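Got a protein model on your screen and not sure where to start? Let's walk through it with some quick questions and answers.

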Amino acid sequence: MSKACLECGEKIVGREDKKFCSDGCRNAYNNKINKDSTNYMRNINNKLRKNYRILSELNTEGKSKTTRAKLLSKGFDFEFLTNILQTKTGNTYYFLYDQGYMVLDNDFYMLVKKDI
């Protein structure tokens, strides 16, 4: 019984549980499956990545302070985040994966990094 490559359909030679004829076919197949399927998804993921890079760049110590103007000047978009954390003390943290921020007075922001 011969199996066919999931990507190109060529006959597979080798181990019984192989699914692809080569690394190139395996990579092409997985890239097709994992790509952002629409421009909308791709644009959102790009904005999340950009916001994450900005927070990481400004928060190298794990905890720091910055201004709204500085975040905006770097292109930060406050509409895009991954989750919100409400603490027992009533503080609200907005996160992009493990990088987060909390709104302070006078347009200042506390930047934090979650330990994962």
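Here come some questions about the cysteines, the sheet and the hairpins.

Q: How many disulfides does this predicted model have?
A: Keep in mind that we're looking at a predicted model. To count as a disulfide, two cysteine sulfur atoms have to sit within 2.5 Å. Take Cys5: its nearest cysteine sulfur belongs to Cys8 and is 3.8 Å away, so by the 2.5 Å rule Cys5 is in no disulfide. For the whole model, the count comes to zero.

Q: Which cysteine holds the sulfur closest to that of Cys25, and how far away is it?
A: The closest cysteine sulfur to Cys25 is too far off for a bond, because the cut-off is 2.5 Å. The partner we're after is Cys21, at 3.6 Å.

Q: Is Cys5 buried or exposed?
A: The word "buried" applies under 20% relative accessible area. Cys25, at 13%, meets that. Cys5 has 5% relative accessibility, so Cys5 counts as buried.

Q: Which strands stand at the edges of the sheet?
A: Five strands make an open sheet with antiparallel pairing, in the order E1-E5-E4-E3-E2. An edge strand here has a single partner, so one side of it is left without a neighbour in the sheet. That describes E1 (63-67) and E2 (83-86).

Q: What is the average twist from one strand to the next?
A: Picture stepping across the sheet in the order E1-E5-E4-E3-E2. From one strand to the next, the twist averages 30°.

Q: Which helix packs on the sheet, and what angle does its direction make with that of E4?
A: Look for the helix spanning residues 39-58, which touches E1, E3, E4 and E5 (108-113). This is H2, and its direction makes an angle with that of E4 of about 80°.

Q: Which residue stands opposite Tyr94 in E4?
A: E3 (residues 92-96) and E4 (residues 99-103) run antiparallel and are joined by four bridges. One facing pair is Leu96 with Gln99 in E4. For Tyr94, the residue opposite is Tyr101.

Q: Which residue in the hairpin of E2 and E3 takes a positive phi?
A: E2 and E3 pair in the antiparallel sense over four bridges, and Asn83 stands opposite Phe95 in E3. Their hairpin has five residues between the strands. The positive phi, near 95°, belongs to Gly90.

Q: What about the hairpin of E3 and E4: which residue takes a positive phi there?
A: In this hairpin, two residues lie between the strands. The phi in question is near 60°, and the residue is Tyr97.

Technical notes:
Residues numbered from 1 in each chain as written. Predicted model: local features only at pLDDT ≥ 70, side-chain atom pairs only at ≥ 80, totals over all residues. Heavy atoms only, no water. Buried < 20%, exposed > 50% of the residue type's maximum accessible area, 1.4 Å probe, protein only. Pairing = 2+ DSSP bridges. Axes fitted to C-alpha atoms, helices over the stretch in contact; angles between N-to-C directions. Contact = heavy atoms within 4.5 Å.
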